[in-house]
Amino acid sequence: MIEAIRECLGQEMEADNRVVVIGEDVGVLGGVFRATDGLQARFGKERVVDMPLAEGVIVGSGIGLAMSGLRPVIELQFLGFGHQAFHQIGQQVARLRYRSQGRHALPLVIRSPFGGGVRTPELHSDAFEAFYTHTPGLKVVAPATAYDAKGLLAAAMESDDPVLYLEPLKGYRLTKDEVPDERYTVPLGKLRVAREGADVTLIAWSAAVNVAERAAEELSEQGISVEVLDLRSLNPLDIVGISESVAKTGRVAILHEAPLTGGFGGELVATIQQECFYSLEAPIIRISAPDTPYPLGGVEDLYIPDVDRVVAEVVALAKASA
Amino acid sequence: MSESRFLPNFEPIAPFSRLTDSGILDSGESPMSDDAVLEALRYMMLTRVFDDKATSMQRQGRFGTFSSVRGQEASVVGAASALDPTKDWIVPQYREFPALIRHGYPIENFALYFMGNPKGGTIPPNVNMLPMQISLAAQIPQATGLAWGLKMQGGDGVVITFFGDGASSEGDFHESLNLAGIMKAPVIFFLQNNGWAISTPRENQTAARSFAERAIGYGVEGVMVDGNDLLAVHEVTKQAVAKARAGRGPTLIESVTYRTGAHNTADDPTRYIDQQELEKWQQKDPVERIKNYLRSRGIWNENLEQELLDSCAAQIDAAMEIARNTPLATSDALFDHVYAEPPQRMLDQKRDWANRNGDAR
Ligand SMILES: Cc1ncc(C[n+]2csc(CCOP(=O)(O)OP(=O)(O)O)c2C)c(N)n1
């Protein structure tokens, strides 16, 4: 996946010299995960900039760069440190178009790895997507495959709306599906049916999609046919795609790494019960982390929902009745 | 010693130092007794032993990502040795192992933290420190408030907060200096300029000639010290502590040193570091320098060195043994200490998690 991201950045920078990449350690080092490896050598220090260590000014100056006519791609080294820029993202990035009544477009992409499972030091691994889906004016995407990583990034960079583009820390290097060499886009706001099934709809995004797929495989051996939806895009949300699946299965499980209370799963539950109420055969369930801070690495496997837990909860869901 | 080297009067031409690169003291008196130097050197050696141990354990998968102190031992120990653990506070970043140990944080807890066990975070009740900080610069406002609060309540405790040149680019640093100046808070901002923030060189953090001179803009005194010179760091910090204790406010200390190791165990510095510069700094090794000083005093020899090394190794081994024998955390560790009065929903989750994972561990 990381190669797909790097390739996309290179292609876009090649095609459009207004694209600049800024962030911590993105230049000489090529990013701590090497997503920008080689870009500075190719496009120069002016377009791939090692910024001072201050997320607020990285995002805030990105707004200014965009208003000057450039198309910045900002790397936040970890979404955990998006908090340091939250005032710029939440109050400024997301609202500039609205506040200027359409005068200022903000073609800005903020890329950031997030989520757990790779034993990072403390405070690096929270799945904070819900803070940003609760920020009108900002689009939020979270690819799970290398193919989508490339296509969604291209679409995000093409868009005149600001996009938060979330990359799964787990799977960054492991996810290796086929990626075409040429440029293509994956539309923002369209889910992907990762696996077709008839009994239960299992909704996930980012790294959790892989867990969902593996659980679905096990469940099929137990005779439960699970349809896995990879949302890809949290805002805009593909409500039609979700409804189609729920109409077919009547049972829904939502899987996320973030804590339960206030997580994006709650939004999905509310939307589905409103849109698909008469299709539902059982209460919608959420499979998530507990309502506690992201822990140290030694216990993170107990925190993040794993395949066994998803299997057990979906088995119960398949038996439940309304 | 006059205070004229403190900003705004100080022209940052060269950092304040007491020892030559080969460990010869200038003509003045040493700010530390020989015993104090020996004690400090032992902490520096202890740090090397720990860093080596931790790094090799990380390679074997028994330790998490870990940042060593390599090259910065005099900087950290020199600062810490100016503190009184019974009343002064440390508000750390993550690269200050010997300061925390001297202050009373158990080595085994430090190890457990990096082994990923939440129990490692436990700070004994009489140890005056805040948890290690991973979110860069976030500790600096907290140190400022802590110092301000101590002063408000009439105590004479002083707070020192450690952070890197990189962290000093965050707004939290600037906002804190500003507030500390206004409140005359008894806080020492100990900025370790080790040349790098991961791969980002110091030049990308500031266009100023020094970090120390940033203090001027906040009405705070700043000073630049040779961070590989134990005596100089100790002396400057001691002055800043005395000043703060006497109610004369905060100080920004820029300790000029060099990270001669990797940023952390996940980092590959060969991708960005200038080999010549690295070698230049390796020549200025702070441990060798203070050993040379003790040699010049006639109180350092190979026997003593071996004796100290053995005792450091024994101390680290004993702590690692405790860490190894500490049971792995159970799912309760996710929930304990999150609240004083936990919401019922979380308690229900705690029970569910224990039921589900109880047998596994
Ligand atoms: C707010 C924040 N942003 C980014 C990071 C990721 N990160 C961890 S260490 C580091 C460099 C720190 O450099 P410096 O403050 O100079 O301290 P050093 O590690 O050199 O001692 C970065 C960018 C972080 N931990 N916190």
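**Exercise 1. Polar contacts of the ligand**

How far is an oxygen atom of the ligand from an N or O atom in the side chain of B:D165? Find further polar partners, then judge how much of the ligand is covered.

Solution. This is a predicted model.
- Step 1. Start at the side chain of B:D165. One of its N or O atoms is 3.2 Å from a ligand oxygen.
- Step 2. Apply the cut-off. A polar contact is a pair of N or O atoms within 3.5 Å. The B:D165 pair, at 3.2 Å, therefore qualifies.
- Step 3. Go on to B:N194. An N or O atom of its side chain lies 2.9 Å from an oxygen atom of the ligand.
- Step 4. Turn to the backbone. At B:L136, a backbone N or O atom is 3.1 Å from a nitrogen atom of the ligand.
- Step 5. Check the cover. The isolated ligand exposes 580 Å², and the protein buries 97% of that area.

**Exercise 2. The shell around the ligand**

Where does the ligand lie, and which residues are closest?

Solution.
- Step 1. Place the ligand. It sits between chains A and B.
- Step 2. Count the shell. It holds 22 residues.
- Step 3. List the closest ones. Chain A gives A:E55; chain B gives B:Y94, B:R95, B:I134 and B:G166.
- Step 4. Sort the shell by class. There are 9 nonpolar, 8 polar and 5 charged residues.

**Exercise 3. The sheet of chain B**

Why is one side of β1 and of β6 in chain B left without a neighbour in the sheet?

Solution.
- Step 1. Write the order. The open sheet has 5 strands, β1-β2-β3-β7-β6, with parallel pairing.
- Step 2. Look at the edges. β1 (89–91) and β6 (221–226) of chain B each have a single partner strand, so one side of each lacks a neighbour.
- Step 3. Add the twist. Neighbouring strands are turned by 20 degrees against each other on average, direction ignored.
- Step 4. Take one pair. β2 (residues 159–164) and β3 (residues 187–193) of chain B run parallel and are joined by 6 bridges. B:V159 has B:V187 in β3(B) as its bridge partner.
- Step 5. Add a helix. α7 (residues 230–245) of chain B lies across β2, β3, β6 and β7 (251–256) of that chain, at about 160 degrees to β6(B).

**Exercise 4. The sheet of chain A**

What is the strand order in the open sheet of 7 strands, and which strands stand at its edges?

Solution.
- Step 1. Read the order in chain A: β2-β1-β3-β4-β6-β5-β10, with mixed pairing.
- Step 2. Find the edges. These are β2 (48–50) and β10 of chain A; each has a single partner strand, so one side of each has no neighbour in the sheet.
- Step 3. Inspect β1 (residues 19–23) and β3 (residues 71–75) of chain A. They pair in the parallel sense over 5 bridges. A:G23 stands opposite A:E75 in β3(A).
- Step 4. Place helix α7 (residues 146–158) of chain A. It lies across β1, β3, β4, β5 (139–141) and β6 (163–168), running at about 165 degrees to β6(A).

**Exercise 5. Backbone exceptions**

Which residues does a cis peptide bond join, and where is A:L123 found?

Solution.
- Step 1. Recall the norm. Most residues other than glycine have a negative phi, and most peptide bonds are trans.
- Step 2. Check omega. Between A:N235 and A:P236 it is about 5 degrees, a cis bond. A:P236 is in the loop between β10 (233–235) and α9 (239–249) of chain A.
- Step 3. Check phi. For A:L123 it is positive, near 65 degrees. A:L123 belongs to the loop between β4 (109–114) and α6 (129–133) of chain A.

Note on methods. Residues are numbered from 1 along each chain as its sequence is written. Chains are lettered from A and ligands numbered from 1 in the order in which they are written. This is a predicted model: local features need pLDDT of at least 70, side-chain atom pairs count only at pLDDT 80 or more; totals for chains, interfaces and linings use all residues. Side-chain values use heavy atoms; hydrogens and water are left out. A residue is near a molecule or strand if one of its heavy atoms lies within 4 Å of it. A polar contact is a pair of N or O atoms within 3.5 Å; within protein, one must be able to donate a hydrogen and the other to accept it, and residues adjacent in sequence count only if both atoms are side-chain atoms. Accessible areas come from the Shrake-Rupley method with a 1.4 Å probe; for residues, only the protein chains shown count as cover. Ala, Val, Leu, Ile, Met, Phe, Trp, Tyr, Cys and Pro count as nonpolar, Asp, Glu, Lys and Arg as charged, and the others, Gly among them, as polar. Two strands pair if DSSP finds at least two bridges between them. Helices (H or I, at least four residues) and strands (E, at least two) are DSSP runs, numbered from the N terminus. Axes are lines fitted to C-alpha atoms, for helices over the stretch in contact, and angles run from 0 to 180 degrees between N-to-C directions. Contact means heavy atoms within 4.5 Å.
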